[in-house]
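Trainee: Before we discuss this model, could you take me through how each label is justified against its definition?

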Amino acid sequence: MINKLSTGRILSIDAFRGITILVMIFVNSVAGVQDIPAWMQHAHAEEDRMTFVDVVFPAFLFIVGMSIPFAINSRLAKGDSFWQLQRHILWRTLGLLVLGVFMVNTGGLNAAATGISVAVWALLFYVSVVLVWNVYTFKKSWITWCFKGAGIICLIVLGCIYRGGEDGSRHLTPQWWGILGLIGWAYFYACVVYQLFKGNSSAIFLMIAACTGFYILCQQPFMKEGALNWLTSQEGNAAHLSIVLCGMLLTLFYFDEDLGLNGSRLVSRITGFALMLALAALWLRPSFRISKIHATPSWCLFSAAICVVVFSLLYFLIDVKRVSRWTSFFRPAGSNPLLTYILPDIVYFGMIALGLSLPAVLQQGLPGIIWCMCFAVAMLFVVKGLNKLRIRLQL
């Protein structure tokens, strides 16, 4: 193993993941509601501000970072060789990139050129996702591979027939990687960093600074106009990686037994970490305004500081004070995050395929906000039912 981590399920991490997913479903739904307050909307690219909506994506990245040390050490403890571990990391990264590209291209599909409607294409895509990444429990492995094979073939066919754009000339391409794709790149780079520095907390802290420095370097004129301008395409990945590494570092502070942080030492270390992130964000803000769209360092560091505080409060409440019964509501989503993430889209395209739509009253103002809250809660109950039916996706 790389680090000697605390054993057992960390309920506060599961709760943090589940709460983040619940909020994500809500903010994605409320984005289509008219006449909602500005604090419920994403800040525009050129604004120097952020709302709670702009913290949802970095919270996902942060949780990915918190989970990586546990995941890698668990696989090594089970006997995975170095190359088996790398194969698992690459397969997971590829899965996130594929899902991201397909989801990004869905909105631009040209039904006439593709030969099927957007709704049907999207629903077939999500059925394929379930077939490929479901956790099967068949005793005979060939049955599992039949299902996975059918899903892979369906994905290939859907990718080949896809045509997008007004004239239907565009093929399935990564216009951008989508949320899942961006998480995939950040996950891959973070796994490399974690293994390269053998889980050393000081080295990971320096890599957070290095990622921030790389983003700042990429903003300089000589980088954008010179021979090194190709490097600037990675500035967003570096920014997202910095958030993942912040989550990774927090895991080591809390759960790496070799560091031996507890009591007042732990509190001072976590408090110092959060303050350092916030102060660095304030220091950089005059030069790099807070912007989720541009993935600026001030946005990254403020978001990471918020995540440190939120998780620490959850950890104190759930794992220290043992007030954890309420987390059972979030547990199904926390243990099946990918299915929970795609479920609202399945419902959305299913309604389109059936010719259904929401009443106008539920698409604006307070009624729309209340509906989105109810929808988010309903999705968690649906996932709980799907878990009982043994439909659980794992990359």
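**Burial, contacts and voids**

Trainee: Why is glycine 178 called buried?

Mentor: Its relative accessible area is 3%, and buried means under 20%, with exposed meaning over 50% and partly exposed lying in between, for a 1.4 Å probe and protein chains only, so glycine 178 earns the label buried. This is a predicted model in which local features need pLDDT of at least 70 and side-chain atom pairs count only at pLDDT 80 or more, while totals for chains, interfaces and linings use all residues. Residues are numbered from 1 along each chain as its sequence is written, and side-chain values use heavy atoms, with hydrogens and water left out.

Trainee: Where is glycine 178 found, and which residues does it touch, leaving out those up to four places away in sequence?

Mentor: Glycine 178 is found in helix α7, where a helix is a DSSP run of H or I with at least four residues, a strand is a run of E with at least two, and both are numbered from the N terminus. Setting aside residues up to four places away in sequence, glycine 178 touches Gly100 and Val104, contact being heavy atoms within 4.5 Å. The C-alpha atoms of glycine 178 and asparagine 134 are separated by 21 Å, with their positions 44 residues apart along the chain.

Trainee: What makes glutamine 86 buried, and with which side chain does its own make a polar contact?

Mentor: Glutamine 86, which lies in helix α3, has a relative accessible area of 16% and therefore counts as buried. Its side chain makes a polar contact with the side chain of glutamine 195 at 2.7 Å. The term requires a pair of N or O atoms within 3.5 Å, and within protein one must be able to donate a hydrogen and the other to accept it, with residues adjacent in sequence counting only if both atoms are side-chain atoms.

Trainee: What makes a void a cavity, and how many of 30 Å³ or more does the structure hold?

Mentor: On a 1 Å grid over the protein atoms alone, a cavity is a set of points where a 1.4 Å probe fits but cannot get out, whereas a pocket is an open set with protein on both sides within 12 Å along at least five of seven lines, and lining residues have an atom within 4 Å of a point. The structure holds two cavities of 30 Å³ or more, the largest having a volume of about 40 Å³ and the second largest about 30 Å³. Residues lining the second largest cavity include Ile68, Arg75, His88 and Tyr187. The elements giving two or more residues to that lining are α2 (56–77), α3 (82–106) and α7 (178–196), and α2 gives the most, with four residues.

Trainee: How do you know how many charged residues line the largest cavity?

Mentor: Asp, Glu, Lys and Arg count as charged, Ala, Val, Leu, Ile, Met, Phe, Trp, Tyr, Cys and Pro as nonpolar, and the others, Gly among them, as polar. By these classes the lining of the largest cavity has seven nonpolar, two polar and no charged residues; among the residues lining this cavity are Cys211, Thr212, Ser242 and Pro297. The second largest cavity has seven nonpolar, one polar and one charged in its lining.

Technical notes
Points joined across faces, edges and corners; volume = space filled by probe spheres on them.
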